[in-house]
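Subject: Structure for you to look at, with notes

Dear colleague,

I am passing on the structure we talked about, and I would be glad if you could open it before reading further. My notes on what was found in it follow below.

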Amino acid sequence: MASDAAELPEPRTGPEEEPHDDAGLDLARRIARATAAGGLPPDKRSRRRRPRGDAPRKARGDDRDPQLLEGSLSRLVADHGWALDLRVHGVFARWPDLVGEEIAGHCTPESFTEGRLLVRTDSTAWATQLKLLAPRVLARLNEELGPGTVTFLDVQGPHAPSWTKGPRRVKGRGPRDTYG
């Protein structure tokens, strides 16, 4: 029996008794066990830590970093002074929503220069109607664009046909009908 006990290997009690492995697996095991036990490896403990009361510092962006498209476009519009033009063209695009479907069906905005909005109608009756509604339309437009942006609503009737065509023409007023 004594010879049987001498042949059994001795039981292992800790990581210090493991044989050295040249592949580095033994070092990884020691670090994993030390970290799982709650401690850091000895070479990592010497680092200085920030006090707990301090908030973590945020990295400041640089112009070279990727930027959001909205911010880039906002800077571009502000740098070139396009803000009012974009708002006005936005009104042109949303004309039916601003004045209503019925009015928009008969009137279209044509241009905006120095506070004057030129609106073209499809008949003289609608030109008269829109002239009567001008204060309400101006109030709605200034509500969308900002106070005092549109100062005058220039309402024009339909374009009159030209009667000056052809090589043989006579000076005259053309047919007598209402064209605006």
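To begin with a single side chain, R94 counts as partly exposed, since its relative accessibility is 35%. Please bear in mind throughout that this is a predicted model.

The side chain of R94 meets that of E144 in a salt bridge, with 3.0 Å from N to O. This pair links distant parts of the chain, as R94 sits in the loop between α4 and α5 while E144 belongs to helix α8, 50 residues apart. E144 is likewise partly exposed, because its relative accessibility is 29%. A salt bridge also joins the side chains of E144 and R140, here at 3.3 Å from N to O, and because these two are four residues apart in helix α8, about one helical turn separates them. R140, with a relative accessible area of 28%, is partly exposed. Taken together, R94, R140, E143 and E144 are linked in a network of salt bridges, and a search of the whole structure finds five salt bridges.

Another of these contacts lies between strands: the side chains of D154 and R116 meet in a salt bridge at 3.9 Å, N to O. D154 lies in strand β3 and R116 in strand β2, so this pair ties together parts that are 38 residues apart in sequence. R116 counts as partly exposed, given its relative accessibility of 40%.

That leads to the strands themselves. Strand β1 (residues 107-113) runs antiparallel to β2, and six bridges join the two; within this pairing, T108 stands opposite R120 of β2. On its other pairing, β2 runs parallel to strand β3 (residues 152-156), with five bridges between them, and there R120 stands opposite Q156 of β3. R120 can therefore serve as a landmark in both pairings, since it stands opposite T108 in one and opposite Q156 in the other.The connection between β1 and β2 is a hairpin with two residues between the strands. E114 lies in this loop and has a positive phi of about 50 degrees although it is not a glycine. With a relative accessible area of 81%, E114 is exposed.

How enclosed is strand β2 by the rest of the structure? Five of the six residues of β2 (residues 116-121) are buried, so the strand is largely enclosed by the rest of the structure. L118, which is found in β2, counts as buried at 16% relative accessibility. Leaving aside neighbours within four places in sequence, L118 is in contact with T108, P109, E110 and S111, and also with D154 and Q156. L118 and V155 are 37 residues apart in sequence, yet their C-alpha atoms are 6.1 Å apart in space.

In soluble globular proteins, nonpolar side chains tend to be buried together. In this model the largest nonpolar core has 23 residues, of which W95, L117, V137, L141 and L153 touch the most other members. At least two residues of this core come from each of α4, α5 (95-99), α6 (101-104), β1, β2, α7 (124-132), α8 (134-145) and β3, and α8 supplies the largest share, with five residues. If residues up to four places away in sequence are not counted, W95 touches G100, A104, C107, T108, P109, L117, V119, V137 and L141.

Helix α8 also holds N142, a residue that is buried, with a relative accessible area of 17%. Not counting residues up to four places away in sequence, N142 touches P147, G148, T149 and V150.

Finally, there is a nonpolar patch on the surface, with an area of about 500 Å², made by L69, L73, L76, W82 and L86. Helix α3 (residues 69-80) gives the most to this patch, with three residues. W82 has its place in the loop between α3 and α4 (83-93), and at 38% relative accessibility W82 counts as partly exposed.

With best wishes

Note on methods
Residues are numbered from 1 along each chain as its sequence is written. This is a predicted model: local features need pLDDT of at least 70, side-chain atom pairs count only at pLDDT 80 or more; totals for chains, interfaces and linings use all residues. Side-chain values use heavy atoms; hydrogens and water are left out. Buried means under 20% relative accessible area, exposed over 50%, partly exposed in between (1.4 Å probe, protein chains only). Two strands pair if DSSP finds at least two bridges between them. Patches are made of residues with over 30% relative accessible area and no salt bridge: like charges are joined within 9 Å, nonpolar side chains (Val, Leu, Ile, Met, Phe, Trp, Tyr) within 5 Å. Accessible areas come from the Shrake-Rupley method with a 1.4 Å probe; for residues, only the protein chains shown count as cover. A salt bridge is a side-chain nitrogen of Lys or Arg within 4 Å of a carboxyl oxygen of Asp or Glu. A nonpolar core is a set of buried Ala, Val, Leu, Ile, Met, Phe, Trp, Tyr and Cys residues joined through side-chain atoms within 4.5 Å. Contact means heavy atoms within 4.5 Å.
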